[in-house]
Amino acid sequence: MGDAFVDISDFQFRALQRIRVFDKPDGALYDGTCPSWIAVSSQYGIVVCASGCDKLISLRSSDVCRIKSKVDINVEVTDIPMKVTNLEVKQPIALTSLACNCSGRLLSVSMRTASGAFIYLYDMCAFAIDYIEQRGPVYGLRLSADSNAQPCVLEWNPQQSDMFAVATSDGVLSCYSFNIEKSSSVTLVGTVKHEHIVTCIGWSPKGKQLVVGDVSGCIKQYKPEMALVRIVPPPSKDENHALRCVGISWLATTDILIAYSPKTGQEVDITKLCIRKDAPPQWTHFDDINFCGDKSIFDQRIHFTQLLSWKLVLCSSSRSSDVAVLGKIDSEWKVWTLDDSGRIEVPLDSEHHESFPIGVSIDLSSSIFPAEIGTEGDAEHPSCPTVLVLSSQGVLLAFNALSSRAEHQNIKIHREGLPSEIYGTIVAKVDETHNEHSYVSSPNATCPTVPTPENLRASFVSLEGGTIPKHNVFQLQTDAKLDTSQTVQATTMLKLHGLSPCGEVGEVQDSKAQQQQVQEHLEHQQVKSETHLIELQEDFRKKLIIFDKHFFELCERNDWLQNLKKSSAKQLEWNNGINLDDEISELEKVRTVVASWLDGLENQLKESMCSVEEQLGIANSTDRELFDSRRMLDFNNMHRLDKFVEALAKLEQKIANIEDVLTEMPTSNTKNRSVLTLDIGQEQQITTTAKNICKGMISRRKALYELQRQITSLSGRLSTQKDS
């Protein structure tokens, strides 16, 4: 369609630099499916790339987007600081995609493992180069009960930062909500089972609905609760030319961009679907705007990257090295034809083989302003968004989007500092090794090796800027007691790798100032850890109070149901003519449900205890004894003891009330003796009953005294241990 293309002279891309992130991976890692291995947080200036299925590599976006004068952009840059994070995933098979939510705070990692399809949610700030510690996922979510299922596609809501939609190869489409500040669980908003595999997902610009495409070519529109709104069949119904959907992007209320490919081929047709109320669907065909070839190992996939603030969409194909641009001019979407020097193209590798994009993202935090375009260098231009493209050869490419168009206003996002609290379990064991493309200083600089004890070396983390000591809760007690020689070696290690240039090794001595710095660091980490423990303690105490309240209520209800069942059974014996079997059966069902609630509460309490112990780093009985020596977990026993004493006090009050009533009974009987007319048998029965009640009260009183004695003894032992 010739009129769909338009020449644009006031917009272009400027190539910045090429960064080698990883070596060319084995093609088996891709498994024939083109992954999406890059995610960007403009809010925090962090770029994260995948390297195979077990590593994530993070960089500063300011380092990636910087401009160097008199530098050949065709030469790979090797002095960019990087941070390598090993993924602690059991039996990984493939990492299919990385994605960042609209707030820039959450990173999703879609994984296919030997156990099935999983999504791991990370705090994006944990990947910052300046953040010392390494953290694991905030939450891990199994997507399907089928162990053979694979994650197909995941898309974050563009407006609601806590919501994402995900589809798996067994046809399950689900929408979830996750709040990082309440990271104990994820909420299932809605789910539906598809007859065909969902291949692509697109949210509406306002994030209120989503559209999905599947291998049958159908487009389905849903609400987040998975209520079906409409179904649009593919434009062609010829069985010999059946289509599948390989890409989708919701542009506006009535406009949806869709990529179709034959089920038995790799050709592609980019189309725009216009849906209006009470009108048939209208299709605008752009055909193959990426000029796909046949050299790629990937199945056909189209990835649309939106820049709707400028009314632009970048279109990348798994089978083309070119990235096309669609833009809106007036009210029509057109394919923008740019100058050869102003296009995005993935370069050939060192062996002159084609490379293909395996991820495209846009960074809006760039502070770079464009140079002149054509002859209009004196015009006012907005700061440049930066397009980041990761190639299948492991090279990260950066391009500035230069525009002098009047409708392209400044959309820069100002970077924020790292938050005070970063989520995720601290990784106890950190890999110190870097791949050959992970640099913390100039590759030409050399530093001599300083001998370090093995037990001290294990507590260091290799990051940009050098090795910084990393301590967990238990290491604080032992590392603070390092002898002077170890402290000197630690200080030397710090100064060699980060606190002074490598050329000043001779000046690193046993200085009291440096020892004081290490000591202050240890004390700061200890205070931070103890504060975290206190917060965990208070949080668990609140959970325990809620648990006990529900548990006691359900126990009382269960006892009442049990007594009701017994009385109903007696009623059945007394009234042989009445059939209460159905009622008793229903009653037993209700009682069984209540009993299951009790079991569920017990399990929740155990899970909460395990979660607390995991966050505190308690792995075995030795760790637990270490915490008990510091009285970190006494709040559990003391709270239980307080609840037990409170229950006994209530029981004792009830017994005292009954005794008072029994004491007043003779007086009442004396006053009303003239009114009552009882025979000898009735009086004897009442006397026998009263004696039995008194015997029962005496027995309960003895049991109560014994319980009080045991509690007093237990309380004394706990107080003695606490004081010691």
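**Exercise 1.** At 35% relative accessibility, Glu76 counts as partly exposed; in this predicted model, find which residue forms a salt bridge with Glu76 and state whether that partner is buried or exposed.

*Solution.* Begin with the contact itself: Glu76 forms a salt bridge with Arg20, and the closest N and O atoms of the two are 3.0 Å apart. Next, place the two residues along the chain, where Arg20 belongs to strand S2 and Glu76 to strand S6 (residues 76–77), so that the pair links distant parts of the chain, 56 residues apart. Finally, turn to accessibility: buried means under 20% relative accessible area, and Arg20, with a relative accessible area of 16%, is therefore buried.

**Exercise 2.** Decide whether the rings of Phe22 and Trp37 are stacked, edge-to-face or tilted.

*Solution.* The structure holds nine aromatic pairs. In the pair of Phe22 and Trp37, the ring centres are 6.1 Å apart and the planes stand at 65°, so the pair is edge-to-face. Phe22 lies in the loop between strand S2 (11–20) and helix H1 (27–30), whereas Trp37 lies in the loop between H1 and strand S3 (38–41), 15 residues apart. Both Phe22 and Trp37 are buried.

**Exercise 3.** Describe how strand S20 is joined to strand S21, and how many residues of S20 are buried.

*Solution.* Start with the pairing: seven bridges join S20 to S21 (residues 255–262), and the two strands run antiparallel. One of the bridge partners can be named, since Gly247 is matched by Ala259 in S21. With four residues between them, S20 and S21 form a hairpin. As for burial, S20 (residues 243–250) is mostly covered, with eight of its eight residues buried.

Note on methods:
Residues numbered from 1 in each chain as written. Predicted model: local features only at pLDDT ≥ 70, side-chain atom pairs only at ≥ 80, totals over all residues. Heavy atoms only, no water. Buried < 20%, exposed > 50% of the residue type's maximum accessible area, 1.4 Å probe, protein only. Pairing = 2+ DSSP bridges. Phe/Tyr/Trp six-rings, centres within 6.5 Å; stacked < 30°, edge-to-face > 60°. Salt bridge = Lys/Arg side-chain N within 4 Å of Asp/Glu carboxyl O.
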